[in-house]
Amino acid sequence: MSNYFEDVPLGEEMHLGQHTFTAEEIKAFAVKYDPQYFHLDEAAAKSSLFGGLCASGWHTAAIWIRLTVAYRQRYEAELAKTGVKMAQWGPSPGFKNLKWLKPVFAGDTITFTGRRTEKVDLKSRPHRGIIYALNEGFNQHGEKVFEITSSILVERRQPYQPKDGA
Amino acid sequence: MQDDAAAAGSRLYWEDLEVGRVEHFGHYEVTKEEIIEFASTYDPQAMHLDEEAAKHTVAGGLCASGFHTCAMLMRMLCDGYLNASSSLGATGIEEVRWMKPVRPGTVLSVRYTCTEKRASASRPGIGIAKALIEVLDDKGEVVMSWRPVQIFGRRTVEGEAVSAS
């Protein structure tokens, strides 16, 4: 068990957890960060393209990062018990292909999963590698509502050495 | 409310977006309290939660969660033009890059460049627009960039529908 770049397995499904978006919470987030009427007002939202009060896409993303951070912290706590040396995770240089595929309506429960898809060596930073993961959110009807390809810099056990110096 | 604005002819429609035009707007003061509040709820990592503990992280000091910076940008976009536009939301963001940590006391602003426009093939009433949206700090340096895919209502639905058929 280790969380160094070299030791992180690809392909395993990670069950990040789920969250139910209440109308109150949707509106509280939107008032502060995304005050568009379809996130603020039930009646007005009914006549919008979405057809009902729905969460800001950034609210959905914020819940995903919350569950992802909690997942990693649980894993690190388990790892800490074994007494092994811990690799440093983070920061993230950004992400790709964030998709809001369907609205997240008030009352919806979204279940998030993730799968690490790729590890990339960095010539510019031999002590770190980038790990990509495809993360998805599904509503209670089994419909995919959210997708994000995340990336994070992870400490290596051994500095990366390009094979031929090319 | 939206219809009133439309009747007054003051809304920004898809037709009004011009590829290559650069707009600079927005003003958001990042506070320590808000950084910690957002992080406590959504991104509870040491670098976003505690000034002292943050010094010992890769960030070297307290900084905003990247998703907090996204949320602050979203607010600047709403206030800056989206709420006075025919915006119908966004289908997603092709790429987000975090270039620099956002520290307490920083004043953020937005540089918006429309990069691409196309009419929706399936829905004559709407148009798609792509953009490069950058968040600048008070030194004018880019701290974050987005490449979103946005949807806007069109002003001239009938004319397009006819010419497209």
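**Entry 1: the sheet.** I looked up the strand order in this predicted model and found an open sheet of 10 strands, with antiparallel pairing. The order reads 1(A)-3(A)-4(A)-5(A)-2(A)-2(B)-5(B)-4(B)-3(B)-1(B). I then asked which strands form the edges. They are strand 1 (13-20) of chain A and strand 1 (22-29) of chain B, each of which pairs on one side only. From one strand to the next, the twist averages 20 degrees. As a reminder to myself, strands of a sheet pair through backbone hydrogen bonds.

**Entry 2: strand 5 of chain A.** I followed strand 5 (residues 144-155) of chain A to its partners. With strand 2 (residues 94-100) of chain A it shares four bridges, in the antiparallel sense; here I noted E147(A) as the bridge partner of K99(A). With strand 4 (residues 128-138) of chain A, the antiparallel pairing extends over 11 bridges, and S150(A) stands opposite A133(A). In the hairpin of strand 4 and strand 5 of chain A, five residues lie between the strands, and G142(A) takes a positive phi near 85 degrees.

**Entry 3: strands 4 and 5 of chain B.** I turned to strand 4 (residues 126-136) and strand 5 (residues 142-153) of chain B, which run antiparallel and are joined by nine bridges. Opposite I133(B) I found W146(B), in strand 5 of chain B.

**Entry 4: helices across the sheet.** I asked what helix 3 (residues 57-82) of chain A lies across. The list holds strands 1, 2, 3, 4 and 5 of chain A together with strand 2 (87-98) of chain B. Helix 3 of chain A runs at about 130 degrees to strand 1 of chain A. In chain B, helix 5 (residues 66-80) lies across strands 1, 2, 3, 4 and 5 of chain B, at about 120 degrees to strand 1 of chain B.

Key. Residues are numbered from 1 along each chain as its sequence is written. Chains are lettered from A and ligands numbered from 1 in the order in which they are written. This is a predicted model: local features need pLDDT of at least 70, side-chain atom pairs count only at pLDDT 80 or more; totals for chains, interfaces and linings use all residues. Two strands pair if DSSP finds at least two bridges between them. Helices (H or I, at least four residues) and strands (E, at least two) are DSSP runs, numbered from the N terminus. Axes are lines fitted to C-alpha atoms, for helices over the stretch in contact, and angles run from 0 to 180 degrees between N-to-C directions. Two residues are in contact if their C-beta atoms, placed from the backbone, lie within 7 Å.
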